[in-house]
Amino acid sequence: MTETQGIFIHPQRKINGEITVPGDKSISHRAALFGGMAQGKTHITNFLPGQDCLSTLSCLKELGVTWERHETELWIEGQGLENWTEPQDILDVGNSGTSLRLFLGILAGSPFSSTLTGDGSIRMRPMKRVTGPLVQMGAKILGRQEGNFAPLTIRGGDLKGGNFQTPVASAQVKSAILLAGLRARGETTVLEPALSRDHTERMLRGFGVEVLSEGTQVKINGGGRLNGQDVSVPGDISSAAFFLVLGSLMPKGELLLRNVGVNPTRTGILDVLLKMGADIQLENYAEVCGEPRADLRVRPAELHGIEIRGEIIPRLIDEVPVLAVAASLAKGETVIRDAAELRVKESDRIKTVAEGLKSLGADIEELLDGMRISGKPRLLGGQAQSHNDHRLAMAWTIAGLLSENGVSLEGIEAAHVSFPEFLPSIRKLTRA
């Protein structure tokens, strides 16, 4: 992370125009990884050149995968997973938990040793939910606290499939097990307590691998081979979420967000905002490369508080910081529960969101697995810290735009992880 940068977010009363949000981070990671695993060429358009996805590309290069990128277009010369080579250096995933977990799954079946690490935040994030099943399948993993924390050294080998029930609905945990299952003998089954995002299953099918899904259960047989593909990445709904909240709560204006991914395992943010009273319309719906997408038109609306809990949480877990901003300006009370997973994100997002919003004038109470928020007509503003967390940097920017006095924000550069053009997009819409 670069030296912390400070910026003052001035309050606004009108926002207008249209933007195209950057490519979906989750899909960009998987497109690059699967292209590197495949036989033949893969061409990816609208790839997200954020810091996390660039970490994935850097690790692929260390493993012998050849690729070329020009801005948001990526070409990968796939030679097949069996031709990956033992890295000569430690694989550094930076701040990318997705990179770490998915590489662990892929490397679990590779016949060489690799060591993966990341920044300070990554080294504090528990990995036992991934390393535990991989060890059961036959991989050898060494790391701090018995393989729970990076740096992690993994020696792949002869894997055996099995049945795995995950304690939480996590697309990254599910994906790591399924990717290990590709190199395992027999069938691998993953059962989740609720349905998590299914980008891995959709894209594996697109690359030619049979994946069977039924409810919250997914099955894959070992020995499947990936073939290079053309992949078009939709816009990231997690990035669009900040503008959906901004457009809903700004007194005047109208926003149009182009080509946003609306995969049903990711649209919890839409469901919740609509339930809160938002005026959001889907236009030009289409399905491309197995992923649904649409234009989203949002107009000002009067939001009201609701209860958010249960099976919808995995479908909006990354959007909770900006949802909390929306709740702080909605009429009545909003309660978010069953979201304890937020405590092991880039920051402890329950704690940092509650403390950050409180410092800006919100009426918010931190709960063990969520938060309780009583809405106010306006946030006063003040000082805020991103804690090197991209979602917080952008959420506090939205809060500042909607505040009475503005927000002095430290660490806005964290937004580059998933939305390199976030501030230029804000400036474009507030000038319109």
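**Close-up 1. Strands β7 and β9 side by side.** Strand β7 and strand β9 (residues 149–155) pair up in the antiparallel sense, with four bridges between them. To get your bearings in this predicted model, look for Ser114: its bridge partner in β9 is Ile154.

**Close-up 2. The other neighbour of interest, β6.** Here we stay with β7 (residues 113–117) and bring in strand β6 (residues 91–92); two bridges join them, and they run parallel. Leu91 is a handy place to start, since its bridge partner in β7 is Leu116. Add helix α3 to the picture and you have a β-α-β unit: β6, α3 and β7 together, with a right-handed turn to the unit.

**Close-up 3. Helix α3 meets helix α1.** Now for the helix of that unit and its packing partner. Helix α1 (residues 25–37) packs with helix α3 (residues 97–107) at an angle of about 25 degrees, and their axes are 11 Å apart. Angles under 35 degrees count as roughly parallel, so that is how α1 and α3 lie relative to each other. Their crossing is right-handed. On the α1 side, the contact is made by His29, Arg30, Leu33 and Met37. On the α3 side, look for Thr98, Ser99, Leu102, Phe103 and Ile106. What sort of residues make up the contact of α1 with α3? Five are nonpolar, three are polar and one is charged.

**Close-up 4. An open sheet of four strands.** Moving along the chain, we come to an open sheet whose four strands sit in the order β20-β21-β23-β22, with mixed pairing. At the edges are β20 (307–308) and β22 (363–367), each of which pairs on one side only. Further in, strand β21 (residues 333–336) and strand β23 (residues 370–374) run antiparallel and are joined by four bridges. One spot to pick out is Ile336, whose bridge partner in β23 is Met371. A general point to keep in mind while looking: in a regular strand, side chains alternate between the two faces of the sheet.

**Close-up 5. Two helices on that sheet.** Helix α10 (residues 320–328) packs on the sheet and touches β20, β21 and β23. The direction of α10 makes about 25 degrees with that of β23. Helix α11 (residues 349–359) packs on the sheet too, touching β22 and β23. For α11, the direction makes about 160 degrees with that of β22. Which strand do you find in the contacts of each helix? Strand β23 is touched by α10 and by α11.

Terms used. Residues are numbered from 1 along each chain as its sequence is written. This is a predicted model: local features need pLDDT of at least 70, side-chain atom pairs count only at pLDDT 80 or more; totals for chains, interfaces and linings use all residues. Side-chain values use heavy atoms; hydrogens and water are left out. Axes are lines fitted to C-alpha atoms, for helices over the stretch in contact, and angles run from 0 to 180 degrees between N-to-C directions. Angles under 35 degrees count as roughly parallel, over 145 as roughly antiparallel, 65 to 115 as roughly perpendicular and the rest as oblique. A crossing is left-handed if the near helix is turned anticlockwise from the far one by less than a right angle, and right-handed if clockwise. Contact means heavy atoms within 4.5 Å. Ala, Val, Leu, Ile, Met, Phe, Trp, Tyr, Cys and Pro count as nonpolar, Asp, Glu, Lys and Arg as charged, and the others, Gly among them, as polar. Two strands pair if DSSP finds at least two bridges between them. A crossover is right-handed if, with the strands pointing away from the viewer, the path from the first strand over the helix to the second runs clockwise.
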